[in-house]
Amino acid sequence: MRYCSTRGDAPVLDFDDTLLTGLAEDGGLYLPEAWPRFDPDTLRGLAGLPYPELAARIMRPFVVGSAVEERFELLVAEAYAGFEHAAVTPLRQLDQRLWLLELFHGPTLAFKDVALQLLGLLFDAVLSARGQRLTIVGATSGDTGSAAIEACRDRANVEIFMLHPKGRTSEVQRRQMTTVAADNVHNVAIEGSFDDCQDLVKALFGDRAFRAEYRLSAVNSINWARVMAQIVYYFAAGLALGGGTRPLSFVVPTGNFGNVFAGYAAKRMGLPVERLIVASNANDILARFFESGELAMEGVVPTLSPSMDIQVSSNFERLLFEAADRDPGLVRDLLGRFRADRRIDTGRQLWQAIRADFQGFRLDDAGTLEEMALRRRESGELLDPHSAVGTAAARHLEGGLDRAVPLVALGTAHPAKFPDAVERATGERPPLPERLADLYERPERYETLPAEAEALKAHIRRRSALTGAAA
Ligand SMILES: *Cc1c(COP(=O)(O)O)cnc(C)c1O
């Protein structure tokens, strides 16, 4: 399998290089040259498989030619062995036609574990096959940092430096990062904001000599392999609810558009997906787009669902590429104009093509709290604020959807990850699951640095196992 850039100006790569490269050289995102297809008979044959076996079957076409192809089944099994539920991504019924797909049974209690647990193993295995090592540098406002750290901890060929804005993440989020005792994990509290952290990461990547010396890499959501791993649970839900042949629809709480794009990919691969509903909080650029065909940037507003506080959803570029029949010139033109004018009209044809599969929904914080309280009363379920934006979409759009088609809302975080919001909505404070129950007693390890690139580079030189080694 080979991968091409959405902007058409970067080398075509195999799976391993796509994995290690992340962002394409031309600024685009990688996609497989063709979508593998599963016909209805093949899908019926996959029903009932344990999640890791299903995952290996669905993802196998994407890793053909990889240095780790032979060991792929084993790596996938290892990635999901640490999940707390035998089904890995269990379905729970919320009402007559709505199911919650619980994606938060991994080590950091959010859906990002489903992809990152596998990604860490794939990185390590590919690097080991090549006799290489590398350094992951990332900035986090909370969720992504802990999932990336759990994915990379104790991996022999990876060092990870994770920056968070000092005093500006929640205590649970900080402790999930800083209590990981592994020699290759380095937490840094930056005296500044999340934007300062991101600027520092950009500054490091912009220093070509430093970037080459430490072989810097990223595990952000533009990495194709993250999308790939997320395709699997759409199939798992479709197989469980309809044997893979009965249509179903999904509601996806959306930030960077990575998760919902994986649902679109599943549809292209043969899963009968009727609608994909993109649920946003007050940061509603996508909801406005689905209504008007215009993509218009506004400032980011902080909400109760911080992992969706995003204005520019980077993975949307992948959808534009597909909707434009894979015309990279059109994608380059649209994104160039968007950067310059902060708004674009995508044109009727593209907009209609996208609306054939997707629709939007937006909900403010008051509505989110109300939804959390309602679900608690109606079905006993405690929802985190991100998942609640999705289940609210199911409630509000119900009239316009086909009643015979089951609806699956993606549960993206465990309620205990956002205890303050849950308590505000329901009066109950969800306890941490047992394996994290002593999180507040575990010792923390992090360094504090000023928001200066030179200070960060010096820190990495002091701490990295790659310093002085032939990386
Ligand atoms: C990251 C995240 C999202 C958004 O997912 P995208 O793939 O960025 O659209 C939603 N909910 C939670 C809890 C998250 O951590």
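Colleague: Which exposed residues sit on the face of α19 turned away from its buried side?

Modeller: E454 and R462. Exposed means over 50% relative accessible area, buried under 20%, and partly exposed in between, with a 1.4 Å probe and protein chains only. Before you go on: this is a predicted model, where local features need pLDDT of at least 70 and side-chain atom pairs count only at pLDDT 80 or more, while totals for chains, interfaces and linings use all residues. Residues are numbered from 1 along each chain as its sequence is written, and side-chain values use heavy atoms, without hydrogens or water.

Colleague: OK. Which residues of α19 are buried?

Modeller: L456, K457, H459 and I460, in a helix that spans residues 453-463. Helices here are DSSP runs of H or I with at least four residues, strands are E runs of at least two, and both are numbered from the N terminus.

Colleague: Why do those four count as being on the same side of α19?

Modeller: Because they cover an arc of only 160 degrees around the axis. The arc is taken from the directions from the helix axis to the C-beta atoms.

Colleague: What do the buried residues of α19 pack against?

Modeller: Strands β6 (134-139), β7 (158-165), β8 (185-191) and β16 (447-450), plus helices α8 (194-206) and α9 (208-213). Contact means heavy atoms within 4.5 Å.

Colleague: Switching to the ligand. How many residues surround it?

Modeller: 15, and the closest are K112, G255, N256, N259 and T412. A residue is near a molecule if one of its heavy atoms lies within 4 Å of it. The shell divides into five nonpolar, eight polar and two charged residues. Nonpolar here is Ala, Val, Leu, Ile, Met, Phe, Trp, Tyr, Cys and Pro; charged is Asp, Glu, Lys and Arg; the others, Gly among them, are polar.

Colleague: Which ligand atom does the K112 side chain approach, and at what distance?

Modeller: An oxygen, 2.5 Å from a polar side-chain atom of K112. N256 uses a backbone N or O atom, 2.7 Å from a ligand oxygen. For T412, an N or O atom in the side chain is 2.9 Å from a ligand nitrogen. The protein covers 97% of the 390 Å² of accessible area that the ligand has on its own. Polar contacts are N or O pairs within 3.5 Å; within protein, one atom must be able to donate a hydrogen and the other to accept it, and residues adjacent in sequence count only if both atoms are side-chain atoms. Areas come from Shrake-Rupley with a 1.4 Å probe, and for residues only the protein chains shown count as cover.

Colleague: Backbone next. What is phi of L109?

Modeller: Near 70 degrees, so positive, in a residue other than glycine. Most residues other than glycine have a negative phi. L109 lies in the loop between β5 (98-102) and α5 (112-130).

Colleague: Is L109 buried or exposed?

Modeller: Buried, at 2% relative accessible area. D154 also has a positive phi, about 60 degrees. D154 sits in the loop between α6 (143-152) and β7. At 55% relative accessibility, D154 is exposed.

Colleague: Last one. What does the T426 side chain reach?

Modeller: The backbone oxygen of V422, at 2.8 Å. T426 belongs to α18 (residues 419-426). Leaving aside neighbours within four places in sequence, T426 is in contact with M372, A373, R376 and L382.
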